[in-house]
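User: I would like to go through the terms used for this model and see what each one rests on. Please set the values against the cut-offs.

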Amino acid sequence: MKKKWLKIFSSVLLLSVVAVISYYLYSIVHFTNSISIASNRPPIATSSNSSTDGDQTIEIPKWEGKERINILLLGGDSRGEDSGRSDSILVASIDPVSKKVHLFSILRDTYVDIPGHGKGRLNSAFAYGGTNLTRQTVSELLDIPIHKYVYTDFVGFIALVDALGGVDIEVERDMHYTSKADQHLYDIDLKKGYQHLDGNMALQYVRFRKEARSDFARTERQRKLISEIAKKMQSTTGLIKLPGILESISPYIETDLSPKEMLKLAALGFDLDLDHIDEQQIPPFSLLTNEKVGHAQVLGVNKSKLQAYVKELFDADTSANE
């Protein structure tokens, strides 16, 4: 009798595990299809070893490439009303062999060549030509290919953090800022100290710049928070909440990654060492110069030295692989 009940229990447990896995796979596939603008979406189907849903087969494919992939991460300040400018500009560079990750936050006031528009602040590229022109501008600035992009705005950022259940962060200082232009919707009011931030508070944390180090400190906070979000997504808690997270953020995210590419990156992401991400401000302080253009202050940079700096970082990863 005992063996019979044990067999029944084992069967129920196995069916439960299969059901949960199928639900997660369905959530991921549905999410990747809903946010991708890739014109040729390859089928996600495929092998007898995969989980099944009726007559369709769903498989999480492995990342097979050996070449570094660079993804542009853009946070817009459009508030959902117009194109605006890019409020946050980051590049995530992943070496699939060494599993090393570089996270570059690029100073938006960097004075750069914007193709077809002469010189200007980097974040102006988004207003001129959206993600495509921003991608081209960043690629030429760093002399690296930008393979793909992911874009979200303030609302999407808040939805992501809230869906994760918030994040725990050490707020370095009191942060206060008000703006009548936004009907006080994006006012900032945070106290110094270690605390739990919901989506709205997290947005305040990464946007604050009314201090002596201005955008330098702001980009540090962006890298810090993104790293915490990535680690929470990779945790058991993040995995449990994954279907709800994907459903919450899909209306606010756009990417040219195909569904299959997103699934591959997701699989690769769980192998990455997120506790040792190389987080850097680009351009680094040593390569910056303060310049005045008209009546405006901008950040100048020696482009050839900056490109050599980035190449040296990537070469170090290649040497480690060998």
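User: In which strand is the place of Gln 281?

Analyst: This is a predicted model. In it, Gln 281 belongs to strand E14, which covers residues 278-282.

User: Why is Gln 281 called buried?

Analyst: Its relative accessible area is 8%. Buried means under 20%, so Gln 281 is buried.

User: What makes the approach of Gln 281 to Pro 283 a polar contact?

Analyst: The side chain of Gln 281 comes to 2.8 Å from the backbone oxygen of Pro 283. The limit for a pair of N or O atoms is 3.5 Å, so the pair qualifies as a polar contact.

User: Which residues does Gln 281 touch, not counting residues up to four places away in sequence?

Analyst: Gln 281 has contacts with Ser 105, Leu 107, Phe 216, Thr 219, Arg 223 and Leu 288.

User: How many aromatic pairs does the structure hold?

Analyst: There are two aromatic pairs.

User: Why is the pair of Phe 104 and Phe 314 called stacked?

Analyst: The ring centres are 6.2 Å apart, and rings pair if their centres lie within 6.5 Å. The planes stand at 25°, and planes under 30 degrees apart count as stacked. The pair of Phe 104 and Phe 314 is therefore stacked.

User: What parts of the chain does the pair of Phe 104 and Phe 314 link?

Analyst: Phe 104 is in strand E5 (residues 100-106) and Phe 314 is in helix H9 (residues 303-321). The two are 210 residues apart, so the pair links distant parts of the chain. Phe 104 and Phe 314 are buried.

User: And why is the pair of Phe 126 and Tyr 151 called stacked?

Analyst: Here the centres are 5.3 Å apart, with the planes at 15°. Set against 6.5 Å and 30 degrees, these values make the pair stacked. Phe 126 lies in helix H2 (residues 124-142) and Tyr 151 in strand E8 (residues 148-153), 25 residues apart. Both residues are buried.

User: What sits over the ring of Phe 314?

Analyst: The charged end of Arg 68 does, 3.8 Å from the ring centre. The distance limit for a charge over a ring is 6 Å. Arg 221 lies over the face of Tyr 205, with 5.8 Å to the ring centre.

User: What makes helix H4 mostly covered?

Analyst: Helix H4 spans residues 199-207, and seven of its nine residues are buried. They are Gly 199, Ala 202, Leu 203, Gln 204, Tyr 205, Val 206 and Arg 207.

User: How do you know that Asp 198 caps H4?

Analyst: A side-chain oxygen of Asp 198 is 3.3 Å from the backbone nitrogen of Asn 200. The cut-off for a polar contact is 3.5 Å, so the value falls inside it. The capped end of H4 is the N-terminal one.

User: How many cavities of 30 Å³ or more does a search of the whole structure find?

Analyst: The search finds one. The largest cavity has a volume of about 30 Å³.

User: Which element gives the largest share of the lining of the largest cavity?

Analyst: Helix H5 does, with four residues. Strand E4 (86-95) and helix H5 (214-234) each supply at least two residues of the lining. Among the lining residues are Asp 87, Ile 89, Arg 108, Asp 215 and Gln 222.

Conventions: Residues numbered from 1 in each chain as written. Predicted model: local features only at pLDDT ≥ 70, side-chain atom pairs only at ≥ 80, totals over all residues. Heavy atoms only, no water. Phe/Tyr/Trp six-rings, centres within 6.5 Å; stacked < 30°, edge-to-face > 60°. Buried < 20%, exposed > 50% of the residue type's maximum accessible area, 1.4 Å probe, protein only. Lys NZ or Arg CZ within 6 Å of the ring centre and 35° of its normal. Polar contact = N/O pair within 3.5 Å; in protein donor to acceptor, adjacent residues only side chain to side chain. Contact = heavy atoms within 4.5 Å. 1 Å grid on protein atoms, 1.4 Å probe; cavity = no way out; pocket = protein on both sides within 12 Å on 5 of 7 lines; lining within 4 Å. Points joined across faces, edges and corners; volume = space filled by probe spheres on them.
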